[in-house]
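Dear colleague,

Please find below the structure for your consideration. My findings follow directly after it.

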Amino acid sequence: MRIFFTLLAIATYISLFGENIYQDFLTGFDGFSKYADSKSGCIVIDNPNNSRIIETSKFGTKEKEFTYTIRLKSSGRKSRNRFLNSMQQHSYGIIWNYKDNENYEGIEITPTNSSYYDDITNQQSLKIEIFSMHNGDKETVRTFDIDQNDGDEESYNTFKLLFDGKTMTIEAGHRRLQKIVEIPNATFGDSTDIGYFAGKGSKLTIKRIQFSSKPVKESLYFTNYTKTELDSIFHKSNDL
């Protein structure tokens with residue numbers, strides 16, 4: 001046992017503890033978001049403008065595995081007449097590695113309908129676009145659709161970002177989460193700004209945000225001691 005405690009004492013830890021942050025409509029978002037709505041307890045961003053409204057928070061990600069979970073919904077202004085009943089086209093999204101409004105990565109989510117004219121046969125889905133913004137220029141990495149499962153155009157959906165130190169996996173769903181994409185060789189700095197945006201014509205409502213992290217396994221017991229120095233410590237130990 002003495003050897004174990006000796007090695008434990010000389011190990012140089014990158015970090016023993018990660019972050020654990022939880023906010024929802026019950027705790028409220030005062031102090032967390034400037035768009036906190038005291039009446040609903042949620043974050044509410046109503047965007048009538050052409051440009052996105054972006055809000056992020058900074059999280060420690062140096063040599064960390066992390067999970068970022070957000071439950072949100074977006075609605076647009078309704079257009080109703082005897083022939084057509086639909087929402088105004090609108091979008092929202094989740095972003096990471098945010099530096100400024102012209103440089104970040106993220107996913108854009110656009111609710112879509114197979115038929116705006118028939119509520120019975122209409123099938124609703126979410127169009128997902130993975131993109132990166134560099135100096136204001138948008139590059140689309142991939143686009144695909146996911147079913148709304150048992151949700152509808154105004155239902156809350158959960159999105160989860162899971163980073164294992166190398167690959168970021170994104171899961172999404174209304175009630176049942178499914179893996180929608182993997183982003184290999186994802187990179188994050190010592191800290192990263194992660195958040196969300198409301199696109200043109202979108203009223204974004206966020207009812208839960210959760211972030212948790214822990215050191216990657218390779219870094220948990222990192223030491224600056226050489227093999228020769230460790231062998232010397234073993235040799236001097238009284239343990240058999």
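Thr 192 touches Ser 57, Lys 58, Phe 59, Thr 61, Trp 96 and Asn 97, leaving out residues up to four places away in sequence. With Asn 97, the side chain of Thr 192 also forms a polar contact, side chain to side chain, at 3.0 Å. Please note that the model is a predicted one. Thr 192 belongs to strand β14, which covers residues 191-198. Its relative accessible area is 2%, under the 20% limit, and Thr 192 therefore counts as buried.

A second threonine, Thr 143, is found in strand β10 (residues 137-147). Thr 143 has a relative accessible area of 44%, which lies between 20% and 50%, so this residue is classed as partly exposed. Beyond its neighbours within four places in sequence, Thr 143 is in contact with Ile 128 and Glu 129. The C-alpha atom of Thr 143 is 7.2 Å from that of Lys 127, a residue 16 positions away along the chain.

As to the interior, the largest nonpolar core comprises 36 residues, and Tyr 68, Ile 70, Ile 107, Phe 159 and Tyr 196 have the most contacts inside it. Apart from this core lies another, of seven residues, including Tyr 98, Tyr 104, Phe 131 and Met 133. When residues up to four places away in sequence are not counted, the residues touched by Ile 107 include Trp 96, Ile 128, Glu 129, Phe 131, Phe 159 and Phe 197.

Yours sincerely

Definitions and conventions
Residues are numbered from 1 along each chain as its sequence is written. This is a predicted model: local features need pLDDT of at least 70, side-chain atom pairs count only at pLDDT 80 or more; totals for chains, interfaces and linings use all residues. Side-chain values use heavy atoms; hydrogens and water are left out. Helices (H or I, at least four residues) and strands (E, at least two) are DSSP runs, numbered from the N terminus. Buried means under 20% relative accessible area, exposed over 50%, partly exposed in between (1.4 Å probe, protein chains only). Contact means heavy atoms within 4.5 Å. A polar contact is a pair of N or O atoms within 3.5 Å; within protein, one must be able to donate a hydrogen and the other to accept it, and residues adjacent in sequence count only if both atoms are side-chain atoms. A nonpolar core is a set of buried Ala, Val, Leu, Ile, Met, Phe, Trp, Tyr and Cys residues joined through side-chain atoms within 4.5 Å.
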